[in-house]
Each structure stands twice: as C-alpha cells, then as structure tokens.
There are 2 protein chains.
Amino acid sequence: MARKYELECPIASTLDIIGDRWAILILRDFFLHGARRFQEFEATLPGLTPSVLSARLKSLEVDGVIATRTYEMHPPRVEYFLTPKGRELGPILRAMRRWGERHARGDHAGANEDG
Amino acid sequence: MARKYELECPIASTLDIIGDRWAILILRDFFLHGARRFQEFEATLPGLTPSVLSARLKSLEVDGVIATRTYEMHPPRVEYFLTPKGRELGPILRAMRRWGERHARGDHAGANEDG
C-alpha cells in the first residue's frame, strides 16, 4: 500500500499497512477462518471485486503481514495465511470488534455528552 | 461516513465510522492533545486539506464520536472534543500504536515465516 503520510508516528505507520477498509476485513477473515484461498474471500466479503482483493492481498504480502504457500495438486492449491507479524494485528481487530459490539450501527448515544 | 458494507459484523460497523485513514489520525490528535480547534489540526496533519478535514469532522460528529462547543468570544471559539463514545476508541488506537512501534515502517521481518 502506498505510503500516504509523512508522519513519524507509529499509528500512521500502522495505517500505511492496514489503513484500507478492505484490508482490515480481509484480515478479519484470516482471524476467523485461518488460512484461505483466493476464492474463499468471495463468500464472506460481498462487494469486494477480484481485482481489489488481488491488490490488497499482494499489498499485505509485500508488507509481510500475510504469506502464501502452494500445494502441489492438480490444479495447484494456493493458500494465504497470516505471518507472525500479521497475527500480532489481532489486538487491533479485537478492539474494533468490541467497540462495534458496544456502539452498534446507528447508535448515536453520547453524541452530545461531555464528561 | 457512507455505510460501505452490507455485513452484519461489528468490525465492519466500526470501520463504517473510523475506516478512513484521516479519521483515525484526527482521532489520534484528540487523544494526544484533547479538545482542539479546526486550525490546530493543520499543524499536526500536514497533507490534510481543510475540505477533507471539515468533512471528516462532520462525519465523526454525525456518528457521535466527537462533538463541538462554542465559547462566546470575539471571534467565537469553536472546539471539537471526544464524546464518551469517542473516548472508547482509545484501545483501538493504542493497539495500532503498539503494532506500529513493533513493526516499524519498512520492517518486513517475518514475511515468509509460518509458525
């Protein structure tokens, strides 16, 4: 993924790698389902086109968050999986899940509170 | 921010609100600096245009993550601040910071490991 920020900030560094919405949802699927084939993302991520999926997987691979392994079958089976660096993204996704569970879509409670 | 996903998933719900890179960096500034005026973001977020900043602040306000207060001065002083719902995003940003500190930009160690 392109380096978009000229900021020496670890949050910006993280966003350089996982700052794309689809990237995070792709990572979510790895945490939920483990190693995956390209086609398996289609079932869980409606709206994600093959070209965008391909670009995001390549970007995550270049950044060392995921890697691939190939099984010598006919046809060959290629699987994507999280690297150790990728698995360490778990706390970010868990924090996102917790916040989403607590503040469901459309819940604007607290909008005008100060405290 | 537009609802981009047709997914009943709390992570997707969270991304609907903070899935934009600039939104997360704006939130970072609230956690670092507290209540802020519009102009103060310019110093800490080079590259963020006023129109994008304005759109992101409005979106975060509509979603109840930030709110505004106005001080009756000449000229009036408007401050943006995190709501309680917004402050609960702290664990997500802390997890991003920790990951970024550990996996600095350009560090691709672990890319080909499986384990």
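## A paired position in the hairpin of chain A

In this predicted model, A:R69 has A:E79 as its bridge partner in strand β2 of chain A. That pairing belongs to a ladder of six bridges, which joins strand β1 (residues 66–71) of chain A to strand β2 (residues 77–82) of chain A, the two strands running antiparallel. The connection from β1(A) to β2(A) is a hairpin that passes through five residues.

The loop between β1 and β2 of chain A also holds A:P75, and the peptide bond that joins A:H74 to A:P75 is cis, with an omega of about -5°. As a point of background, most peptide bonds are trans.

## The hairpin of chain B

In chain B, strands β1(B) and β2(B) pair in the antiparallel sense over six bridges, and they form a hairpin with five residues between them. Within this pairing, B:T68 stands opposite B:Y80 of β2(B). The loop between β1 (66–71) and β2 (77–82) of chain B contains B:P75, and the peptide bond leading from B:H74 to B:P75 is cis, with omega near -5°.

Is B:Y71, a residue of strand β1 of chain B, buried or exposed? B:Y71 counts as exposed, because it has 8 C-beta neighbours inside 10 Å, where a residue with 12 or fewer is classed as exposed. Leaving aside residues up to four places away in sequence, B:Y71 touches B:P76 and B:R77. B:Y71 and B:I17 are separated by 54 residues in sequence and, from C-alpha to C-alpha, by 28 Å in space.

## The overall make-up of chain A

Chain A contains six helices and two strands, and when these are read along the sequence they follow the pattern α-α-α-α-β-β-α-α. Of the 115 residues of chain A, 36% count as buried. Among the contacts in chain A that link residues at least 6 apart in sequence, 38% join residues that are at least 24 apart.

## Two packings of helix α2 of chain A

A pair of packed helices is described by the angle between their axes and by the distance between those axes. Within chain A, helix α2(A) packs with helix α4 (residues 50–62) at an angle of about 75°, and their axes are 10 Å apart. Because an angle from 65 to 115 degrees counts as roughly perpendicular, α2(A) is described as roughly perpendicular to α4(A). The residues that make this contact are A:W22, A:A23 and A:I26 of α2(A), together with A:V52, A:R56 and A:L60 of α4(A). Sorted by class, the contact of α2(A) with α4(A) has five nonpolar residues, no polar ones and one charged residue.

Helix α2 (residues 21–33) of chain A also meets helix α1 (residues 10–18) of chain B, where the axes come within 11 Å and cross at roughly 165°. Because angles over 145 degrees count as roughly antiparallel, this places α2(A) and α1(B) roughly antiparallel to each other, and their crossing is right-handed. On the side of α2(A), the residues A:R21, A:I24, A:L25 and A:R28 take part, and they meet B:I11, B:A12 and B:L15 in α1(B). By class, the contact of α2(A) with α1(B) has five nonpolar residues, two charged ones and no polar ones.

## Helix α1 of chain B and its surroundings

Why is α1(B) described as largely enclosed by the rest of the structure? The description follows because eight of the nine residues of α1(B) are buried. These buried residues are B:I11, B:A12, B:S13, B:T14, B:L15, B:D16, B:I17 and B:I18. The buried residues of α1(B) pack against α2 and α6 (90–102) of chain A, and also against α2 (21–33) of chain B.

A residue in helix α6 of chain A, A:M96, gives a closer view of these surroundings. Not counting residues up to four places away in sequence, A:M96 touches B:I11, B:T14 and B:I92. A:M96 counts as buried, because it has 26 C-beta neighbours inside 10 Å, where 20 or more are required for that class. From C-alpha to C-alpha, A:M96 and A:A35 lie 21 Å apart in space, and they are 61 residues apart in sequence.

Note on methods:
Residues are numbered from 1 along each chain as its sequence is written. Chains are lettered from A and ligands numbered from 1 in the order in which they are written. This is a predicted model: local features need pLDDT of at least 70, side-chain atom pairs count only at pLDDT 80 or more; totals for chains, interfaces and linings use all residues. Axes are lines fitted to C-alpha atoms, for helices over the stretch in contact, and angles run from 0 to 180 degrees between N-to-C directions. Helices (H or I, at least four residues) and strands (E, at least two) are DSSP runs, numbered from the N terminus. Angles under 35 degrees count as roughly parallel, over 145 as roughly antiparallel, 65 to 115 as roughly perpendicular and the rest as oblique. A crossing is left-handed if the near helix is turned anticlockwise from the far one by less than a right angle, and right-handed if clockwise. Two residues are in contact if their C-beta atoms, placed from the backbone, lie within 7 Å. Ala, Val, Leu, Ile, Met, Phe, Trp, Tyr, Cys and Pro count as nonpolar, Asp, Glu, Lys and Arg as charged, and the others, Gly among them, as polar. Two strands pair if DSSP finds at least two bridges between them.
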